[in-house]
Number of protein chains: 2
Amino acid sequence: MEVRETSLSMADPMISQKAKYALRALSALARGDGKQPRQISEIAASQSIPKKFLEQILLDLKREGIVRSLRGKQGGYLLVRPSAEVTFGEVLRIIDGPLAPLPCLSITAYRRCDDCDGEVSCEIRHVFQKVVEAERAALFSLTIADGISMADEAVAGEPVPEEA
Amino acid sequence: MEVRETSLSMADPMISQKAKYALRALSALARGDGKQPRQISEIAASQSIPKKFLEQILLDLKREGIVRSLRGKQGGYLLVRPSAEVTFGEVLRIIDGPLAPLPCLSITAYRRCDDCDGEVSCEIRHVFQKVVEAERAALFSLTIADGISMADEAVAGEPVPEEA
DNA sequence: CATATCTCTACCAAGTTTATAGAGTTAACG
DNA sequence: CGTTAACTCTATAAACTTGGTAGAGATATG
């Protein structure tokens, strides 16, 4: 349909395209009135998300209780909880999997590092423990509603973007 | 050589195996006396890193001025700076690339998000800006020396690990 | 000149990501 | 009722990334 620049992919810590789509779709839902469902096609069009891909994403979010759906004509998706109660952390976990940078630091999918003899004596584990703590604190305190209000405030504070 | 359990790969935010190897190798170098070079083979053996892979990693670190090498017999690698001045952040950037979760938040490889109309109005950009700030603060304050001292303290504080 | 070491480039198998395809299910509406 | 607009589910595939291997070369020591 559209030609999309191929990724120039920038290694590991990037969130996936799928997660971006998920968060954008949730923002779109959050901007609705919360009563009337919004359709996959409508969201896909407004956010430039491939429709069939978005279908899968919304299904994932539904299975995890973030959104609910209504079928048939007049159907669509709705947030289950208010957007101020949906954190970026939980969405990322659903879409991209564990947040931890090492398997041995994951809360949801703990696993010993294959090559690491002792976790206590592992130099990098201790450091990444601190890193992931900082990360989690941010990810689980910031919500879809925060994203929206930060964006809206930024737009308000910057009127008439002039030519660069 | 050894059979390694195949990754059970846990999605995005994980640091790469290569970065783990790099950080472990640097820790190994840091534990040396800083005068006598340590050989690739020695480090590879002591840290269970595939030797040829470690060669590449050390070359990357050399190009970026983290380590230096001596060739020929008696050769090997040395840290350029004291381990207390080598941060996890800079090593990760060298090995895994940009730290930012979105291209439009990268300091070293800024790039507009293809699908994002306006950065100012992008809900997820504002949130991830906060997240990556927290992450960077941790990654650039913690050093190889910190990793070592944290590990050593943890080991000292936990004598005779009993059977679980 | 033999040998131990680092250096460089190319290659490749397996897995992941980002989709696309298409058949099925459900509810509203006339 | 039957048509249609929506969601649901499973399968498939191209492009890319990761983790690792191979092998020829360069250089210092003795």
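Of the 164 residues in chain A, 36% are buried, where a residue counts as buried if 20 or more other C-beta atoms lie within 10 Å of its own, as exposed if 12 or fewer do, and as partly exposed in between, the C-beta atoms being placed from the backbone. This is a predicted model, in which local features need pLDDT of at least 70 and side-chain atom pairs count only at pLDDT 80 or more, whereas totals for chains, interfaces and linings use all residues. Residues are numbered from 1 along each chain as its sequence is written, while chains are lettered from A and ligands numbered from 1 in the order in which they are written.

Chain A holds six helices and two strands, which follow one another from the N terminus in the order α-α-α-β-β-α-α-α; helices (H or I, at least four residues) and strands (E, at least two) are DSSP runs, numbered from the N terminus. The C-alpha trace of chain A spans about 55 × 45 × 35 Å along its principal axes. Among the contacts in chain A with a separation of 6 or more, 59% join residues 24 or more positions apart, two residues being in contact if their C-beta atoms, placed from the backbone, lie within 7 Å.

The strands β1 (residues 67-70) and β2 (residues 76-79) of chain A run antiparallel and are joined by four bridges, strands being taken as paired if DSSP finds at least two bridges between them. One of the residues involved is Leu70(A), whose bridge partner in β2(A) is Gly76(A). The two strands form a hairpin with five residues between them, and Gly72(A), in the turn, has a positive phi of about 75°.

Most residues other than glycine have a negative phi. Gln74(A), which is not a glycine, nevertheless has a positive phi of about 75°; Gln74(A) lies in the loop between β1 and β2 of chain A and is exposed, with 9 other C-beta atoms within 10 Å. Ser48(A) likewise has a positive phi, near 50°, and is placed in the loop between α2 (40-47) and α3 (51-63) of chain A, where Ser48(A) is partly exposed, with 15 other C-beta atoms within 10 Å.

How is chain A superposed on chain B? A rotation of 180° with 0.0 Å of shift along its axis does so, with an RMSD of 0.0 Å, the fit being made by least squares on the C-alpha atoms of residues with pLDDT of at least 70 in both copies. The two copies are therefore related as by a two-fold rotation axis, and the C-alpha of chain A nearest that axis belongs to Pro13(A), 2.3 Å from it. Because 100% of the interface residues of chain A are also interface residues in chain B, the copies meet through the same surface.
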